[in-house]
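Welcome! Here is a short, friendly tour for anyone meeting this structure for the first time.

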Amino acid sequence: MVSDTAEGADQSWRQDVFDVLKAAGVKHVVYVPDAGHATAIRLAEADPEIKAVVLTTEEEGIGYLAGAWLGGERGALLMQSSGVGNCINTLGLVACARFPFLAVVTMRGDWAEFNQWQNPMGQATEAALRLMGVMTWRADEAKDVAPLLRGAATMAFEGDGACALLLGQRLIGEKEWAK
Amino acid sequence: MIGGTLDRRAVVADLLQDRGELLVVTGLGSPSYDVMAAGDHDLNYYLWAAMGSAMTVGLGLAMAQPHRPVLVVTGDGEALMGFGALATIALRKPRNLSIVILDNGHFGETGMQPSHAGQGIELSRVAEACGFPVVDLVTERQVVEPLRRRIQARESLNLAVVKIQAENLPRALPPRDGVYVKNRFRLALGHKPA
């Protein structure tokens with residue numbers, strides 16, 4: 001039993017995130033940890049063909065992935081919705097140079113949020129991404145994660161697109177505060 | 001130490017001599033002009049915005065191109081905005097990555113306001129504290145040639161803080177079309193545009 005699985009709901013999407021990235025030729029997984037990304041982070045860290053890089057703040061990942069692309073390789077950024085706020089100015093680099101950008105964002109302040117301090121950024125996350133020219137998709141059901149992420153990866157890497165998949169709190173499950 | 005006496009253009013020109021396989025990333029503002037003044041090159045990537053990103057672009061590039069030396073040329077203000085990148089890079093320690101911080105102790109582009117580096121934050125000590133295996137504080141021109149050789153050697157992650165004069169030199173403007181510079185860079189490495 002791994003700590004990042006909620007009981008009952010379909011958790012297959014956690015593996016799907018990693019499998020889709022791997023199949024898309026991603027060689028760099030850069031991240032600020034979130035419980036919802038724990039499986040993908042663990043698998044990326046264990047994969048000898050993937051460089052897994054922990055960041056101090058999310059916008060570092062934008063620069064890193066631009067550099068990796070200059071060097072001919074693909075990567076993806078894993079972060080929580082709060083981190084989207086940290087990325088805003090740096091996303092100008094993606095827009096100006098049309099760097100491929102692929103992000104997977106776990107949502108907070110989105111549904112059944114116990115900590116209301118998460119709500120302002122959570123409610124602004126999708127609009128903020130779009131304001132900076134990032135295309136967004138949203139998955140609230142496990143079956144949607146793989147096809148949506150596959151499509152986002154295609155548009156990022158084949159068309160120099162800026163793409164983010166948001167993983168809703170209904171998908172991830174309620175955070176337990178009573179433990 | 002508030003800045004220094006070295007001529008930034010001369011130091012950068014020295015570092016880029018006989019550059020061979022070198023890949024270069026520049027921080028916005030004067031470091032971009034310094035590298036441009038030394039001669040435009042397909043394997044230069046100039047940042048015009050995204051302040052704080054020069055070191056992380058260099059890290060991603062170094063990780064994707066481990067067989068080529070990668071040099072980040074940036075300023076103290078730009079490096080300060082990407083402070084956390086020093087920690088991120090120190091964990092990875094790519095042997096082919098060199099970071100040169102041109103430190104005049106000021107925000108030169110915006111009117112020469114004193115920066116944190118000019119008011120007591122010594123970036124070389126920050127890099128040491130983060131665990132950079134090789135850190136230099138460069139105050140004399142003679143040390144630049146050994147630094148150039150180290151950048152080419154790909155033997156260890158290294159960072160040099162070069163104490164330069166606080167002066168605004170005539171701008172040498174690199175191309176501002178980010179898509180062009182990106183694709184030019186990738187083509188020179190054998191990668192096609194999308």
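The points below go from the overall build of one chain to its central strand pairings, the nonpolar core and the contact between chains.

Please keep in mind that this is a predicted model. Chain B, with 8 helices and 8 strands, gets most of the attention here. Its radius of gyration is 15 Å, close to the 16 Å from the globule rule for 194 residues, so chain B is as compact as a globular protein of that length.

**Overall build of chain B**
- The C-alpha trace of chain B spans about 45 × 35 × 30 Å along its principal axes.
- Buried residues make up 51% of the 194 residues in chain B.
- Among contacts in chain B with a separation of 6 or more, 76% are between residues 24 or more positions apart.

**Strand E4 of chain B**
- Strand E4 of chain B covers residues 97-103, and 7 of its 7 residues are buried.
- In a regular strand, side chains alternate between the two faces of the sheet.
- Both faces of E4(B) are covered, with B:Leu97, B:Ile99, B:Ile101 and B:Asp103 buried on one side, and B:Ser98, B:Val100 and B:Leu102 buried on the other.
- E4(B) pairs with strand E3 of chain B (residues 70-75) in the parallel sense, over 6 bridges; here B:Leu102 is the bridge partner of B:Gly75.
- E4(B) also pairs with strand E8 of chain B (residues 158-163), again in the parallel sense and over 6 bridges; in this pairing B:Val100 has B:Ala160 as its bridge partner.

**The largest nonpolar core**
- Nonpolar side chains tend to be buried together in soluble globular proteins.
- The largest nonpolar core here holds 114 residues, and those touching the most other members are A:Phe101, A:Val105, A:Leu165, A:Leu167, B:Val100 and B:Val162.
- Helix H3 of chain B (residues 54-64) supplies the largest share of this core, with 8 residues.
- Beyond its neighbours within four places in sequence, A:Phe101 is in contact with A:Leu65, A:Val94, A:Val134, A:Ala156, A:Ala162 and A:Cys163.

**Where the chains meet**
- On the chain B side, 28 residues are in contact with 30 residues of chain A.
- Elements giving two or more residues to this side of chain B are H3, helix H5 (83-92) and helix H8 (178-188).
- H3(B) gives the most to the side that touches chain A, with 8 residues.
- The residues on this side of chain B comprise 16 nonpolar, 9 polar and 3 charged.

Note on methods:
Residues numbered from 1 in each chain as written. Chains lettered and ligands numbered in written order. Predicted model: local features only at pLDDT ≥ 70, side-chain atom pairs only at ≥ 80, totals over all residues. Helix = DSSP H or I, 4+ residues; strand = E, 2+ residues; numbered from the N terminus. Rg over C-alpha atoms; globule rule 2.2 N^0.38 Å. Buried ≥ 20, exposed ≤ 12 C-beta atoms within 10 Å, placed from the backbone. Contact = placed C-beta atoms within 7 Å. Core = buried A, V, L, I, M, F, W, Y, C linked by C-beta atoms within 7 Å. Pairing = 2+ DSSP bridges. Nonpolar A, V, L, I, M, F, W, Y, C, P; charged D, E, K, R; others polar.
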